[in-house]
Amino acid sequence: MASQDWVEKDFYAILGVAKDASDADIKKAYRKLARQYHPDTNAGDAAAEKRFKDISEAYSVLSSPEDRQQYDAIRAMGGGARFAPGAGRGGAGANGGFEDLFGGLFGGGAGARQPQGGGIPPEFADLFGGGFGGGPTGFQRAPQKGSDRTASTTISFAGSIKGTTVSLRESNGNVIDVKIPAGIKDGQKVRQRGKGNVGPAGNGDLIITVNVKPHDFFQRDGDNIRIHVPVTFAEAALGATIEVPTLDGDTVKLRVPAGTPAGRTLRVKGRGVKTSKGTGDLLVTIDVAVPQNLNKEAEEAVKAFAAATSDANPRHDLAAKARL
């Protein structure tokens, strides 16, 4: 469509909507008018056919935010401008053509998306019980890729750490094997390309949400792994080297400094979750285990320790801390 057409034709008036009409109002008006003037319901009526083409032409511009913005700008700037006598499209007359004035303003002229024959947009093809793109009033629409499908699966904690493969069964009995990468987090998605719905330009994708079962001992924190490890009072007080389990199934030695309080977290570098972006750490929280049953010798030893440390009061500053 030439820029001159955009000046001469009031697309808002053609659709019977205001210049500030919403996209929904424009679509509603188009649907109503397209039903009324469609050639299938007005066979042999040349006036109705022309009206239908004008309606389709107006909708093709106003339904596109980019084209509508350009159309409004040209209408506002052009006013009643016309091509100079004797000037063809893009040609030069005595005063120059209108398209010469505005053609370069929007990068190659407006209306590049004009449908062939002023036809029905594909989203409204169902209104008239037929297809689109092949008839004299149809759009030439590019083939579309099929839509995506979604699914979900639940895997073990070990599967999320090491990677695994799950099999998803479709309603028709087909089975799709999906590879779950090592290090995947709870709630992350895996895309299986080409396993979605069929389309003229190829299949869509299958998008699987992965849920991970929690573990009784290991707790994931980003790419770090948290664990709680008990130590004896003596180990916490005097210091010790202990062994703690890791994700790999082996153990690693960890030094517990003397005087370590319950709740302190010690870090083992590089023994967390391995992903393509790096490896996290193992975070070990120390729990001081209090013995439940003491034999006579152990009881006497604790009493002796208590007597030797009777001047130590771990609650001496509680009153100051609790003061309002």
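A cavity is a set of points, on a 1 Å grid over the protein atoms alone, where a 1.4 Å probe fits but cannot get out. The volume is the space filled by probe spheres set on the points, which are joined across faces, edges and corners.

This is a predicted model, in which local features need pLDDT of at least 70, side-chain atom pairs count only at pLDDT 80 or more, and totals for chains, interfaces and linings use all residues. Residues are numbered from 1 along each chain as its sequence is written, and side-chain values use heavy atoms, without hydrogens and water.

The count gives one cavity of 30 Å³ or more. The largest cavity holds about 30 Å³ of space. Thr246, Leu247, Asp248, Gly270, Arg271, Gly272 and Lys274 line the largest cavity, each with an atom within 4 Å of a point.

Helices α3 (residues 23-37) and α4 (residues 46-62), DSSP runs of H or I with at least four residues numbered from the N terminus, pack at about 160° with axes 9 Å apart. Axes are lines fitted to C-alpha atoms over the stretch in contact, and angles run from 0 to 180 degrees between N-to-C directions. The two helices are therefore roughly antiparallel (over 145 degrees).

Residue classes count Ala, Val, Leu, Ile, Met, Phe, Trp, Tyr, Cys and Pro as nonpolar, Asp, Glu, Lys and Arg as charged, and the others, Gly among them, as polar.

| Residue set | Nonpolar | Polar | Charged |
|---|---|---|---|
| Contact of α3 with α4 | 10 residues | one residue | two residues |
| Lining of the largest cavity | one residue | three residues | three residues |

Definitions and conventions
Angles under 35 degrees count as roughly parallel, over 145 as roughly antiparallel, 65 to 115 as roughly perpendicular and the rest as oblique. On a 1 Å grid over the protein atoms alone, a cavity is a set of points where a 1.4 Å probe fits but cannot get out, and a pocket is an open set with protein on both sides within 12 Å along at least five of seven lines; lining residues have an atom within 4 Å of a point.
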